[in-house]
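This report concerns a ligand site and a metal site in one structure. The sequence and the model are shown first.

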Amino acid sequence: MKRIDLHIHTTASDGTESPGAVVREAARLGLAAIAVTDHDTCDGYREAAAEGAKLGVEVVPGIEISTKYGGAVHILGYYIDVDSPALQEVLDWIVRDRDERNEKICALMRADGIDVDYGEMRARFGEVIGRPHFAEILVERGLAHDMHEAFDLYVEKGRKYYQGRSFLPIERSIELIREAGGVPVLAHPFQYKRDDAGLRALIELCMRSGLRGMECRYSGYDAAMSAYLEALAAEYGLIRTGGSDFHGSIKPEIRLGDGKGGLEVPLAFLDELKRAAGKDGR
Ligand code: AMP
Ligand code: FE
Ligand code: FE
Ligand code: ZN
């Protein structure tokens with residue numbers, strides 16, 4: 001069976017591997033297709049697509065937008081027009097909002113004698129800088145043993161270097177993906193800690209804005225969890241997607257294409273996605 005991975009982060013957001021390196025690894029693993037789904041940016045797509053064309057790995061343009069509905073909810077968008085000015089305008093707003101928040105975090109750290117400069121962080125990590133980058137710095141400076149501890153001690157909500165940021169409403173993020181020609185998909189549905197009724201309410205809310213799919217296979221989801229999600233997707237007429245949420249060495253337990261072991265996303269899921277995007281060429 002040909003396998004794919006439709007949920008991958010690169011250095012364009014908080015992943016540690018460049019888009020080209022991710023595609024080379026996908027080729028080595030024999031994956032037929034991947035989607036680059038960085039947080040709040042499509043900037044990794046071009047490099048990945050160019051490498052994919054050389055190595056025979058199909059690369060799907062994607063994005064993962066963070067929204068708030070109670071807690072955090074993530075919406076994936078596939079086959080968005082990465083040149084859409086309307087999309088870029090909103091993504092630019094998100095980057096500016098992150099910049100303001102991140103400058104505040106730097107100030108708090110400097111007040112504690114930790115030498116951080118946001119300009120240097122921008123030069124090193126690029127445009128989309130998040131708490132994982134601060135966690136990485138805290139680990140490097142020996143203030144935490146690993147990312148997990150850095151979050152627990154410093155950047156998790158309620159900790160001393162936590163600062164909030166703004167989020168697009170869930171409805172707006174789904175509409176935005178549709179306006180950019182993309183297919184909106186609810187990411188990792190079990191992450192929101194909802195019971196069946198709660199998840200259904202979330203799906204129904206998202207569908208009113210144009211949700212088209214649900215991520216049914218994901219790192220750490222066992223066969224029963226995926227079967228439950230796939231049955232829900234069928235009931236609601238949503239397409240199924242799946243992916244690892246690979247981030248490179250900051251989440252070393254997650255492997256490209258394989259997740260935490262045993263992840264299987266079939267090429268047939270990409271066919272469903274292409275049909276939803278009107279890209280099936282028929
Ligand atoms: P930000 O959007 O910059 O506030 O950072 C949120 C990101 O941090 C999420 O997308 C997660 O990938 C990551 N994150 C949140 N909590 C944790 C945690 N406890 N350990 C590791 N990563 C986390
Ligand atoms: Fe992330
Ligand atoms: Fe996510
Ligand atoms: Zn993700």
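In this predicted model, a polar side-chain atom of R165 is placed 2.9 Å from an oxygen atom of ligand 1. Of the area that ligand 1 exposes when taken alone, 510 Å², the protein buries 79%. Side chains of R101 and R131 also approach oxygen atoms of ligand 1, at 2.8 Å for R101 and at 2.7 Å for R131. The table lists these polar contacts.

| Side chain | Partner | Distance |
|---|---|---|
| R101 | oxygen atom of ligand 1 | 2.8 Å |
| R131 | oxygen atom of ligand 1 | 2.7 Å |
| R165 | oxygen atom of ligand 1 | 2.9 Å |

Ligand 1 occupies the largest pocket. Among the residues around ligand 1 are D14, H39, H74, R98, F151, E156 and K251. By character, the shell consists of seven charged, three polar and two nonpolar residues. Two helices, α3 (85-111) and α5 (131-140), each contribute at least two residues to this shell.

H74, one of the residues around ligand 1, is also a donor to the iron ion (ligand 3). The iron ion (ligand 3) is coordinated by H74 through ND1, by E64 through OE and by H188 through NE2, at 2.1 to 2.2 Å. Along the chain, these donors show the spacing E-x9-H-x113-H. E64 also forms a bridge between the iron ion (ligand 3) and the zinc ion (ligand 4), which are 3.3 Å apart. Because E64 belongs to strand β3 (residues 58-69) and H188 to the loop between β6 (183-186) and α8 (196-209), the pair ties together parts that are 124 residues apart in sequence.

Terms used: Residues numbered from 1 in each chain as written. Chains lettered and ligands numbered in written order. Predicted model: local features only at pLDDT ≥ 70, side-chain atom pairs only at ≥ 80, totals over all residues. Heavy atoms only, no water. Near = heavy atom within 4 Å. Polar contact = N/O pair within 3.5 Å; in protein donor to acceptor, adjacent residues only side chain to side chain. Areas by Shrake-Rupley, 256 points an atom, 1.4 Å probe, with all protein chains shown as cover. 1 Å grid on protein atoms, 1.4 Å probe; cavity = no way out; pocket = protein on both sides within 12 Å on 5 of 7 lines; lining within 4 Å. Sits in = over half its atoms within 2 Å of the grid points. Helix = DSSP H or I, 4+ residues; strand = E, 2+ residues; numbered from the N terminus. Nonpolar A, V, L, I, M, F, W, Y, C, P; charged D, E, K, R; others polar. Donors = N, O, S within 2.8 Å, 3.2 Å for Na, K, Ca; no water.
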